[in-house]
Amino acid sequence: MRKALIGAVTVAAVLLAGCSTRSGDDPGTDPARRTSPAAEASPDFGTLKNVCGPGTARPSTVQGVTDDTIQVGVLSDIGFTKRSEFVDAAKVFTSWCNDAGGINGRDLVPVTRDAKLTEVRQRVLEACKADFALVGGGSALDSLGVQDRLKCLLPNFPSQSSQIGAIGSDLQALASGPTAGYFQYAGYYSWLLKEKYPDSAQKVGMIAGDSPVTKVMAAQFKEAVAGLGGRISYSDLYPAAGVSDWTPYAQSIKKSGVRGLVFLGDFASLAKLEQALTGIGYSPDWIDANSNAYGPAFPQLAGAALGKQHNYAELFATAPLESAADNPAVRQLTDLFEKYAPGRQVTYPALRAFSAWLLFATAARDCAEITRKCVYENAMKNTGFTAGGLQAPFDLTSKQPPTCHSIVEATAKGWQAADFKPDQGAYRCDAPAYKYKGDYGAPATLAGVGKSLSDLT
């Protein structure tokens, strides 16, 4: 239910949604191979040059690495959500990369590690025994496996990091995303509360799914909204199993005079709530639909309600999919999906996963001898990683939250860029930093499992 990509809100989305509006067969764990012996592909992606290409690989005894291949795990909840974005992205990226020559001549072999929501630890332990690294995936309950991952010194290049124990954990290289201890949406909420709808600041409502995970998230949002000059004046929970009639919730929102609404839940439920709000003739100034709603399904479900309700989402400074006409990297990604996964939808999670794959591939490419230590350290040296143009520059060396953000708006015609005054291309890069004052937990560390970076080889 709550945000995909890339932050703690993803957890709520999966826990409360249960199933997805998009389905597809699980492509399984077969490695992606070259499309044909004579297949050729450009080695470049966007502004990144020679991401993949031929070479003469040195013999290696590193786990997951042979003279010809590099096996990596792709963590996913596909068996629970039936959403194949991470698996699709793995197939597309590795097929393209292998056609271009692989990583210095070695083919990438992705193996799906299906956590099915609750089996994260089991899948991480399997990866610990066979994979070189985890790349381009994510699980809503990712903190369940982080201790085991650190014990076996398994680097992770996820498309998203969801839970507090995993966000900012050691041996994790995020192409972009949340920073441990900071509110992820400070720029977005500053724009909503101080610029776009200042009259809404003291009348912010919040509805969250009734689960332990979302309750923690609700506490974080309440603190952050107050810290940014707003106030949560109304809050409520809804049953995780779902709601048959959203009218009572809509009436409570109207009675409380809510001007801005934070919704921590699945977008199908939000669509029903907005239909109920429209039915009683009430429209808050804004609704944070969150990035989990970013895609064609939510506008279709919300229908005519989008003519009255004003929905926004923040995309972690990622280029909107609608920018393909103006963004060569987004256009190239779309073309690669058409070639290697025809019929599969390019989604926001898939876009985020591609950024993770690009971070891993470029870091591995620059290793004369491929080792976990070399690949991880190369990735963490990036001070302005853009994934070839898929995202705003991201500094992996910094412990401060990124200042860039991108905001989209849902309309009856679909999603489009919001009028949020971007100052660097498609992004606005003036977000304040809001550090949590409450104690919500801490990321897992190597020291916590009796290890250190000097143990990484």
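**Exercise 1. Helices α8 and α9**

Task: In this predicted model, describe how the axes of helix α8 and helix α9 cross.

Solution.
1. Helix α8 covers residues 247-255 and helix α9 residues 267-279.
2. Their axes come within 8 Å and cross at roughly 60 degrees.
3. Angles from 65 to 115 degrees count as roughly perpendicular and those under 35 as roughly parallel; α8 and α9 are therefore oblique to each other.
4. The crossing of α8 and α9 is right-handed.
5. On the α8 side, Thr247, Tyr249, Ala250 and Ile253 take part; they meet Leu273, Ala276 and Leu277 of α9.

**Exercise 2. Leucine 273 and the nonpolar cores**

Task: Place leucine 273 in a nonpolar core and list what it is in contact with beyond its neighbours within four places in sequence.

Solution.
1. The largest nonpolar core has 63 residues.
2. Leu273 is among the residues with the most contacts inside that core, together with Phe183, Tyr189, Ile207 and Phe298.
3. Leaving aside neighbours within four places in sequence, leucine 273 is in contact with Ile207, Trp246, Tyr249, Ala250, Ile253, Leu261 and Phe263.
4. Tyr249, Ala250 and Ile253 also appear on the α8 side where α8 meets α9.
5. A second, separate core has 60 residues, including Val65, Phe86, Leu390 and Ala392.
6. As background, nonpolar side chains in soluble globular proteins tend to be buried together.

**Exercise 3. Tyrosine 436**

Task: Decide whether tyrosine 436 is buried or exposed, and find its contacts.

Solution.
1. Tyrosine 436 sits in the segment after β13 (428-429).
2. Its relative accessibility is 15%. The cut-off for buried is under 20%, so tyrosine 436 counts as buried.
3. Apart from neighbours within four places in sequence, tyrosine 436 is in contact with Gly181, Tyr182, Phe183, Gln220, Glu223 and Ala224. Of these, Phe183 is also named among the residues with the most contacts inside the largest core.
4. Phenylalanine 385 is 51 residues from tyrosine 436 along the chain, and their C-alpha atoms are separated by 26 Å.

**Exercise 4. Three salt bridges**

Task: The structure holds 13 salt bridges. For the bridges of aspartate 131, aspartate 148 and glutamate 195, give the partner, the location and the burial of each side.

Solution.
1. Aspartate 131 pairs with arginine 113 at 2.9 Å, N to O. The aspartate is in the loop between α4 (120-130) and β3 (134-135), and arginine 113 is in strand β2 (residues 107-114), 18 residues apart. Both ends are buried: aspartate 131 has a relative accessible area of 0%, and arginine 113 is at 10%.
2. Aspartate 148 pairs with arginine 121 at 2.6 Å, N to O. Aspartate 148 belongs to helix α5 (residues 146-151) and arginine 121 to helix α4, so the bridge ties together parts 27 residues apart in sequence. Aspartate 148 is buried at 9%, whereas arginine 121 is partly exposed at 44%.
3. Glutamate 195 pairs with arginine 428 at 2.5 Å, N to O. Glutamate 195 is in helix α6 (residues 186-196) and arginine 428 in strand β13, so this pair ties together parts 233 residues apart in sequence. Glutamate 195 is partly exposed, at 36%, and arginine 428 is buried, at 10%.

**Exercise 5. A salt-bridge network**

Task: Which residues are linked with Arg113 and Asp131 in a network of salt bridges?

Solution.
1. Start from the bridge between aspartate 131 and arginine 113.
2. The network links Arg113 and Asp131 with Glu119, Arg123 and Glu126.

Technical notes:
Residues numbered from 1 in each chain as written. Predicted model: local features only at pLDDT ≥ 70, side-chain atom pairs only at ≥ 80, totals over all residues. Heavy atoms only, no water. Core = buried A, V, L, I, M, F, W, Y, C linked by side-chain atoms within 4.5 Å. Buried < 20%, exposed > 50% of the residue type's maximum accessible area, 1.4 Å probe, protein only. Contact = heavy atoms within 4.5 Å. Helix = DSSP H or I, 4+ residues; strand = E, 2+ residues; numbered from the N terminus. Salt bridge = Lys/Arg side-chain N within 4 Å of Asp/Glu carboxyl O. Axes fitted to C-alpha atoms, helices over the stretch in contact; angles between N-to-C directions. Parallel < 35°, antiparallel > 145°, perpendicular 65-115°, else oblique. Left-handed = near helix turned anticlockwise from the far one by under 90°.
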